[in-house]
Amino acid sequence: MLEFLYDLIAEYAYINLFVLSFLASTILPFGAEAFLVALVYQGFNPFFVVMVATIGNFLGACTTYYIGLKGRGALDKYFSPSEEKLAKSERLFKKYGVYTLLLTWVPGIGDVITMAAGLMNLPFLLFSVLVFAGKLGRYAALAYFTVFLNPSLSLLSAYFPG
């Protein structure tokens with residue numbers, strides 16, 4: 001039974017990672033980091049793992065941005081983020097500027113930062129570049145440290161297996 005489950009997960013690993021990464025970047029309480037680490041540890045190509053997780057997480061952030069862009073009414077009706085978190089995000093934007101979008105990967109506040117960017121009608125291109133860069137850096141660091149901390153994986157063999 002476990003072998004079947006392992007085969008099922010392995011066969012659809014990239015799809016599963018994409019979905020988990022997407023959901024993790026919405027206001028739903030999901031995380032994809034453990035799955036990313038497990039895939040790299042199991043010998044999946046770290047480059048592809050990082051790119052799938054980054055794209056999924058970025059598209060989830062775009063969804064949250066769009067919800068923010070549509071206005072506070074929709075937010076309150078469907079998601080009701082706390083006023084405290086929204087106020088904190090707006091303070092961060094005012095204090096540190098748009099570069100806070102590099103931190104949208106931070107659990108708890110990242111989703112609210114993306115909502116605040118939408119609420120503030122931040123240009124989508126600027127939003128996209130900063131959010132994608134932040135998420136790419138996070139997942140690349142996770143993959144790198146997974147390879148680095150696992151003595152049975154070398155960086156070259158992880159990228160060029162067999």
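**Helices and burial in a predicted model**

The protein exposes about 9300 Å², and carbon and sulfur atoms supply 71% of that area. The model is predicted.

Trainee: What does the secondary structure of the protein come to?
Mentor: From the N terminus on, the elements run α-α-α-α-α-α-α-α-α. The count of strands is zero, and the count of helices is nine.

Trainee: How many of the residues in the protein are buried, as a percentage?
Mentor: A residue counts as buried when its relative accessible area is under 20%. The protein has 162 residues, and the buried share of them is 39%.

Trainee: Which residues of helix α3 are buried, and on how wide an arc do they lie?
Mentor: Helix α3 covers residues 33-41, and its buried residues include F35, L36, L39 and V40. An α-helix has 3.6 residues a turn, so residues three or four places apart point the same way. The buried residues named here sit on the same side of α3, because the arc they cover around the axis is only 135 degrees.

Trainee: Which residue just after α3 takes a positive phi?
Mentor: The phi in question is about 100 degrees. The residue that takes it, just after α3, is G43.

Trainee: How far apart are the end C-alpha atoms of helix α4, and what should the helix span?
Mentor: Helix α4 runs over residues 46-69, which is 24 residues. At 1.5 Å a residue, the expected span is 34 Å. The end C-alpha atoms agree with this, as their separation is 34 Å.

Trainee: Which residue caps the N-terminal end of α4?
Mentor: A side-chain oxygen of the capping residue lies 2.8 Å from the backbone nitrogen of F47. At the other side, α4 is followed by G71, with a positive phi near 110 degrees. The cap at the N-terminal end is N45.

Trainee: Is R138 buried or exposed, and which residues is R138 in contact with?
Mentor: R138 lies in helix α8. Its relative accessible area is 15%, so R138 counts as buried, the cut-off being under 20%. Leaving aside neighbours within four places in sequence, its contacts are E33, N57 and W105.

Trainee: What separates the C-alpha atoms of Y144 and V40?
Mentor: Y144 lies in helix α8, residues 124-149, and counts as partly exposed because its relative accessibility is 39%. V40 is one of the buried residues of α3. The two residues are 104 residues apart along the chain, yet their C-alpha atoms are separated by 9.1 Å.

Terms used:
Residues are numbered from 1 along each chain as its sequence is written. This is a predicted model: local features need pLDDT of at least 70, side-chain atom pairs count only at pLDDT 80 or more; totals for chains, interfaces and linings use all residues. Side-chain values use heavy atoms; hydrogens and water are left out. Helices (H or I, at least four residues) and strands (E, at least two) are DSSP runs, numbered from the N terminus. The expected span of a helix is 1.5 Å times one less than its number of residues. A polar contact is a pair of N or O atoms within 3.5 Å; within protein, one must be able to donate a hydrogen and the other to accept it, and residues adjacent in sequence count only if both atoms are side-chain atoms. Buried means under 20% relative accessible area, exposed over 50%, partly exposed in between (1.4 Å probe, protein chains only). Accessible areas come from the Shrake-Rupley method with a 1.4 Å probe; for residues, only the protein chains shown count as cover. The arc is that of the directions from the helix axis to the C-beta atoms. Contact means heavy atoms within 4.5 Å.
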